Amino acid sequence: MFVLVGLNPQQREAVLHPEGPELVIAGAGTGKTRVLTTRIAWLIEEQGVQPEEILAFTFTNKAAREMQDRVHRMVPHAAGRSWIGTFHATGVRLLRREGSRLGYDRWFTIFDSDDSRSLIKRILKRINADPKQLSPRAVASAISTFKNSSLTPEAASNEAVSRFEEKVAEAYGLYVTELKSMGAMDFDDLICNTVQLLEEHQDIQERYARQFRHVLVDEFQDTNPQQLVMVKALSAVHQNLCAVGDDDQSIYSWRGATVENMLNFEEYFPGAQVIRLEQNYRSTPVVLRAANEVIAHNRRRKGKNLWSDRSGGPPLELWWSEDEEDEAAQVRDRIRRLLAETDASRKHIVILYRTNAQSRALEDALRRESIPYQIIGGTRFYERREVRDLLAYLKVILNPADRVSLARILNVPRRGLGKTTSERFFTELELRGGSALNLLGDKAALAATCGNAPGKRLARFGETLKLLRRLAENSDAAAVLRQLVKAVEYEDFLEKDDPITADERRNNVAELVNAAHEFTSESDDPSLGAFLESVALLADGDRVRDTTDVVTLMTVHTAKGLEYPYVFITGCEDGLLPHASSIEEDDAVEEERRLFYVALTRAQEQVFLTSASMRRRYGSMESCIPSRFLGELPEDCVAEMTLQPTSLFGGPRLTEPRRPRPEFGEGAPRKHKRRDTPVSTDVMADAAAFLKSKARQKAADRSGHGFSDHDVDQSPEMSYHVGMRVEHEMLGIGIIEEVEGIGELMRLTVSFGEDGRKRLLARFARLRVLDSAAD
DNA sequence: ACCGCCCTAATTTTT
DNA sequence: TTAGGGCGGT
Ligand SMILES: Nc1ncnc2c1ncn2[C@@H]1O[C@H](COP(=O)(O)OP(=O)(O)OP(=O)(O)O)[C@@H](O)[C@H]1O
């Protein structure tokens, strides 16, 4: 059985599992995905299962494509016939076919989160919600939670205990009705409506459950309750479910995923066989030990026993830096050295971070030195304004009932249809019901509701839409898009709108046209609807190119399931990783730790960790402390490459240096030394000795004070710290509550007793230091 | 209806 | 730092 070659006995057992539910629970890099793929090949090749009798769920479309390709390679005649896709893509596929049973058109519109948000915004305005209390964002996430726990608007309304919750429930109700009336589904609907379809229509459920003799799920730890229902329903007849996952890699609980799906597997699927894989094939033992050690700090977990028979491996390198620019320079220099000194090429290197905002500095550093890179995620291509405008047009062309998209394009490019006209038009439209195209074609009605001149302009706009709609009936997506750009003179609009950015935005338009072309030539359904669907379902991970030789940048979340020889984990600071919003809760910190674990276990050869002592946030500098997770790494796995600069404000040193520091002998123990000596000279000297690189110097110079020793201990503005008693000429005596920024930009929040709190620019405040608070 | 100015709030993570 | 909303002038 050729497909089994090279598998270890446990993997083999998992692949060859005969019938009934099976759970493969195993740590990172143990070959779970490989088992899943091989099992599909084996089922088809050896068990006589037809490719279309197989349903497999992956986390991204790219993973699906890869799985499809690999199965294809192992079993050529199976090409493209199995159902392999994400939960969302599979939901869409079922809903396109059977959605009419729920009252949806075959080409229902898929709302992305942005569309949902605009709809919610409109609804909140309509119900006079205070935008300060009810942000569209919060309501959107509440609605998502409702949907994922299959709570209807009525139920939500009944359960509401506060005025606030009532409003949210009200908005939820309107949102659901509006969506339905527009013939649109949001992301959650793609799952929830599928579940509804299967639950309410036995015949459909039975038909598909009978068809799918085998159901397989990758990354099972990150599925949500609705997805579990979907899996159950679709595997109900044959009960052949193979799920693989790793509870230590559950990192999406914030969007409703629950690891309980996996931990209670045997309860949900009685008689399930559980198989564990313990040999890691990906990483060096050093990386593995580091990862194991860190994750062992989580209390809520079923332990694992991961091992590797690879030998040796370089230690994890830990680089302390001054700020994010400095950090980026270190990363860039280290990459240069990797490329020069090892046989690594750029595509073997990934730079990971917790938040997309962190990519900026890294990107700048790489660009300056012309190291080619790709950024995955962040402000995605399909989120650019010009791209979204055009997509909105396409959505309206396909589905004129989509009022959210219609509202977006009504006056883009500007055609004299401003706020007033827009409001009148939509009020009338909602009053009448029916298609927007009907109203746009009714000149008398338009004139009556919006006035003569605006009415004419609306009618003209309607004509354009109708023309394009007719075109779309028998042309492909690319043709429609090209005609659209011409018809609305979109490029002229870009030029007029802002000549400075016009070029770049025109490029984005060209890129979109290009993407449509590519789609139409590659897809077996080149229609507009199919194109819009592919865009809506596109995941960040899908955009990872692994054929071109470039360094890759992405968030840790996006990196799940991938592997790279060299992994840089940047921003290892408390507040970032673990993220500030998770620090309060133990469970949340554990999820952050899993995130760190995921990051570490992406590495095949070596990990590089960076941690900055200051970081720009919202424009002003804030000091950072090292990530608590760094302290959880086994000492002998880590090599510190730079000295840990102490925060200018005497920030705590969470981790002790791991190596004797030749320059400074043993180094005085200063574990808990802080506050009493805000800026100790020897610490500054330590730092100064290390701050040699040009980038560092430059950054320091720009922020108004270099680390050159002469202004270190005299400059008064550097020695403010929280808890200090100070005197102000006018305001009197106060206590410093907060220190933000450095140098000229340093701002202090000082509490002056009865007189309240003041935020002062340290440079101008002329404060006299009375004394420091005792620790 | 449109434009430009100022203010503010916000960045976790994504299908 | 930046995007989006509110406001007031044209
Ligand atoms: N039996 C084996 N022999 C050699 N290499 C293997 C074997 N099984 C898996 N591998 C390799 O180990 C690496 C990790 O495999 P895979 O991605 O399937 O693991 P995983 O358990 O899904 O990891 P993760 O949970 O981190 O996503 C891959 O490069 C794969 O080719």
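A residue is near a molecule or strand if one of its heavy atoms lies within 4 Å of it. This is a predicted model, in which local features need pLDDT of at least 70, side-chain atom pairs count only at pLDDT 80 or more, and totals for chains, interfaces and linings use all residues. Residues are numbered from 1 along each chain as its sequence is written, chains are lettered from A and ligands numbered from 1 in the order in which they are written, and side-chain values use heavy atoms, leaving out hydrogens and water.

Select DNA strand C: Lys121, Arg360 and Tyr618 surround it. At Lys121, a polar side-chain atom lies 3.0 Å from a phosphate oxygen of the strand, a polar contact (a pair of N or O atoms within 3.5 Å; within protein, one must be able to donate a hydrogen and the other to accept it, and residues adjacent in sequence count only if both atoms are side-chain atoms).

Proceed to Tyr618, which sits in a hairpin turn with a positive phi of about 50°. The hairpin is formed by β16 and β17, with 2 residues between them. Strands β16 (614–617) and β17 (620–623) pair in the antiparallel sense over 4 bridges; pairing requires at least two DSSP bridges, and strands (E, at least two residues) and helices (H or I, at least four) are DSSP runs numbered from the N terminus. Arg617 stands opposite Ser620.

Next, select helix α1 (residues 9–16), where Gln11, Ala14 and Val15 are buried, that is, under 20% relative accessible area (exposed is over 50%, partly exposed in between; 1.4 Å probe, protein chains only).
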